[in-house]
Amino acid sequence: MNTAVGLILRAEQIAIFATGVVLWLANGGPPLLLIPAWLLVVPLALIGVGWWTQVGWMVLAGAVFTTHVGLDRALGYGLKLPTDFRDTHLGRIGKG
């Protein structure tokens, strides 16, 4: 992957990660529960429905997943390709 493109993608994903952290904290999410809550699903739907219905826990669930996605992408762990678990849309991860 082109180095400049890779840097732009990583910067974008760091911004997504930061957005999720800010949403989590701004909506009363406990900082110590941020990491364990990363495994929640459907971030944008949760944020949208939570905001619309004013259900805080839904916004928190969407925010925490957003942080998970952003950090994974920033660290180079992209969407997995069917060829191999280590093949991602951001390039190959791991040794070798």
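When I say buried today, I mean under 20% relative accessible area, with exposed being over 50% and partly exposed in between. Keep that in mind, as I'll lean on it throughout. And a word of caution before we start: what you're looking at is a predicted model.

Okay, the overview. With that cut-off, 35% of the 96 residues in the chain are buried. We have 3 helices and 3 strands, and if you walk along the sequence, the order is α-α-α-β-β-β. So much for the layout; now the dimensions. Along the principal axes, the C-alpha atoms fill a box of roughly 45 × 25 × 25 Å. The accessible surface is about 6,200 Å², and carbon and sulfur atoms account for 73% of that. For contacts, take the pairs at least 6 apart in sequence: 48% of those join residues at least 24 apart.

Let's go inside. The largest nonpolar core has 10 residues, and here's the full list: Val21, Leu23, Trp24, Leu34, Ala37, Trp38, Ile47, Leu60, Ala63 and Val64. Helix α1, residues 3-26, supplies at least two of them, and α3 also supplies at least two. Pick out leucine 60 from that core. Ignoring neighbours within four places in sequence, leucine 60 is in contact with Leu23 and Trp24, and also with Asn27, Gly28 and Gly29.

Staying with helix α3, which covers residues 56-74, have a look at threonine 66. Is threonine 66 buried or exposed? Its relative accessible area is 13%, so threonine 66 is buried. And what does threonine 66 touch, once you set aside residues up to four places away in sequence? The answer is Ile16, Phe17, Gly20, Pro43 and Ile47. You may remember Ile47 from the core list a moment ago.

Now cross over to helix α1 and find glutamine 13. That one is a polar side chain to click on, and glutamine 13 counts as buried because its relative accessibility is 11%. Again leaving out residues up to four places away, glutamine 13 touches Val69, Gly70, Leu71, Arg73 and Ala74.

One more stop in helix α3: histidine 68. Histidine 68 has a relative accessible area of 18%, so this residue is buried too. For a sense of scale, histidine 68 and methionine 58 are 10 residues apart in sequence, and their C-alpha atoms are 16 Å apart in space.

Next, a backbone oddity. Most residues other than glycine have a negative phi. Glutamine 54, though, is not a glycine and has a positive phi of about 60°. Where is glutamine 54 found? In the loop between α2, residues 43-53, and α3. Glutamine 54 is exposed, because its relative accessible area is 73%.

Last topic: charges. The chain has 6 positive and 4 negative side chains, and the centres of those two sets lie 6 Å apart. As a general point, side chains of opposite charge can pair when their charged atoms come close. How many salt bridges does the structure hold? There are 3 salt bridges, and Asp84, Arg86, Asp87 and Arg92 are linked in a network of them.

Let me go through that network. Aspartate 84 forms a salt bridge with arginine 86, where the closest N and O atoms are 3.8 Å apart. Aspartate 84 also meets arginine 92 in a salt bridge, at 3.7 Å from N to O. Arginine 92 then pairs with aspartate 87 as well, this time at 2.5 Å, N to O.

How do those four sit relative to the surface? Aspartate 84 is at 28% relative accessibility, so that one counts as partly exposed. Arginine 86 is at 33%, again partly exposed, and so is arginine 92, at 41%. Aspartate 87 comes out at 17%, and since that is under 20%, aspartate 87 counts as buried.

That's my tour. Please rotate the model and go hunting for that salt-bridge network around Asp84 and Arg92, and then have a look at glutamine 54 with its positive phi.

Definitions and conventions:
Residues numbered from 1 in each chain as written. Predicted model: local features only at pLDDT ≥ 70, side-chain atom pairs only at ≥ 80, totals over all residues. Heavy atoms only, no water. Helix = DSSP H or I, 4+ residues; strand = E, 2+ residues; numbered from the N terminus. Buried < 20%, exposed > 50% of the residue type's maximum accessible area, 1.4 Å probe, protein only. Contact = heavy atoms within 4.5 Å. Areas by Shrake-Rupley, 256 points an atom, 1.4 Å probe, with all protein chains shown as cover. Lys, Arg positive; Asp, Glu negative; His and termini not counted. Charge placed at Lys NZ, Arg CZ, Asp CG, Glu CD. Salt bridge = Lys/Arg side-chain N within 4 Å of Asp/Glu carboxyl O. Core = buried A, V, L, I, M, F, W, Y, C linked by side-chain atoms within 4.5 Å.
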